[in-house]
Amino acid sequence: MDILGATLRIYVDDLDKAIPFYEGLGGGEALRFERGGVQVAAIGCFLLMSGPESQLEVLRKVSATVAVSDVVETHRVLSSLGADIIAGPVATPGGRNLIARHPDGVIYEYVDRQQ
C-alpha cells in the first residue's frame, strides 16, 4: 500500500467565494463536483466542501483524506491491521474511495485515481 499524500478538508459557507483564494494558494484550477448534496472543490492539497449542515456534520467525522495508489489493496492492508471498513471501496468522480475507522477510533477517507 503506497500512501501518496493527504488532503486538507476545509468546510466553507460560500464555495464560490472561497475558490479563488485556494486556486491562488494551490496554484491550480478547482475540480468541482457534487456528492450527496454537498458541493466540493478539489484544489491541490485542499478539499473545500459546502452544503447543508446535516450533511457536513457527517463529513466532519472524517479526520483527513489520504491518497493511495490502490484502494482495493488499501482495503486489504487496513483490514489485516484491524481497521473497521465503514464504506467502500466505491467509485467517485475523482476515483475510488473507502472510509475506515482505525483501531484508535480515528476515521479516514482513502482515495485513488483509478476508476
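Strands are taken here as DSSP runs of at least two residues, numbered from the N terminus. On this basis, Asp-112 falls within strand S8, which spans residues 107-112. The model under description is a predicted one.

The chain comprises 3 helices and 8 strands. Read from the N terminus, these elements follow the order β-α-β-β-β-α-β-α-β-β-β. For a chain of 115 residues, a compact globule would be expected to show a radius of gyration near 13 Å, and the value of 14 Å found for the chain agrees with this expectation. Along the principal axes, the C-alpha atoms occupy a box of roughly 45 × 30 × 25 Å. Of the 115 residues, 37% are buried. Among contacts with a separation of 6 or more, 47% are made by residues that stand 24 or more positions apart. The accessible surface of the chain amounts to about 6500 Å², and carbon and sulfur atoms contribute 54% of that area. The charged side chains number 10 positive and 15 negative, with 3 Å between the centres of the two sets.

Asp-112, in strand S8, has a relative accessible area of 3% and is therefore classed as buried, the limit being under 20%. Its contacts beyond four places in sequence involve Val-68, Ser-69, Asp-70 and Val-71, together with Gly-94, Gly-95 and Arg-96. The C-alpha atom of Asp-112 lies 9.3 Å from that of Val-72, although 40 residues separate the two in sequence.

Strand S6 covers residues 84-92 and includes Pro-89. The peptide bond that joins Gly-88 to Pro-89 is cis, with an omega value near 5 degrees. Thr-92 also belongs to strand S6. With a relative accessible area of 15%, Thr-92 is buried. Between Thr-92 and Gln-114 the C-alpha distance is 9.6 Å, for a sequence separation of 22 residues.

Two loop positions were examined in the same terms. Asp-14 is located in the loop that connects strand S1 (3-11) to helix H1 (15-26). Its relative accessibility of 38% places Asp-14 in the partly exposed class, because that class lies between the limits of 20% and 50%. Asp-14 and Leu-48 are separated by 34 residues in sequence, and their C-alpha atoms by 9.8 Å. Pro-103 occupies the loop between strand S7 (95-101) and S8. At 65% relative accessibility, Pro-103 is exposed. Even so, Pro-103 touches Leu-81, Gly-82 and Ala-83, when residues up to four places away in sequence are left aside. For one of these contacts, that with Gly-82, the C-alpha atoms are 6.2 Å apart and the sequence separation is 21 residues.

Aromatic side chains were considered next. A pair of aromatic rings is described by the distance of the centres and the angle of the planes. The search of the whole structure returned 2 aromatic pairs. One of them is formed by Phe-21 and Tyr-22, with 5.0 Å from centre to centre and 85 degrees between the planes. This pair counts as edge-to-face, because an angle over 60 degrees defines that class. The two partners differ in their exposure: Phe-21 has a relative accessible area of 53% and is exposed, whereas Tyr-22, at 16%, is buried. Ring pairs further join Phe-21, Tyr-22 and Phe-46 into a cluster.

Key:
Residues are numbered from 1 along each chain as its sequence is written. This is a predicted model: local features need pLDDT of at least 70, side-chain atom pairs count only at pLDDT 80 or more; totals for chains, interfaces and linings use all residues. Side-chain values use heavy atoms; hydrogens and water are left out. Helices (H or I, at least four residues) and strands (E, at least two) are DSSP runs, numbered from the N terminus. The radius of gyration is taken over C-alpha atoms; the globule rule is 2.2 Å times the number of residues to the power 0.38. Buried means under 20% relative accessible area, exposed over 50%, partly exposed in between (1.4 Å probe, protein chains only). Contact means heavy atoms within 4.5 Å. Accessible areas come from the Shrake-Rupley method with a 1.4 Å probe; for residues, only the protein chains shown count as cover. Lys and Arg count as positive and Asp and Glu as negative; His and the chain ends are not counted. The place of a charge is taken as NZ of Lys, CZ of Arg, CG of Asp or CD of Glu. Rings of Phe, Tyr and Trp (its six-membered ring) pair if their centres lie within 6.5 Å; planes under 30 degrees apart count as stacked, over 60 as edge-to-face and the rest as tilted.
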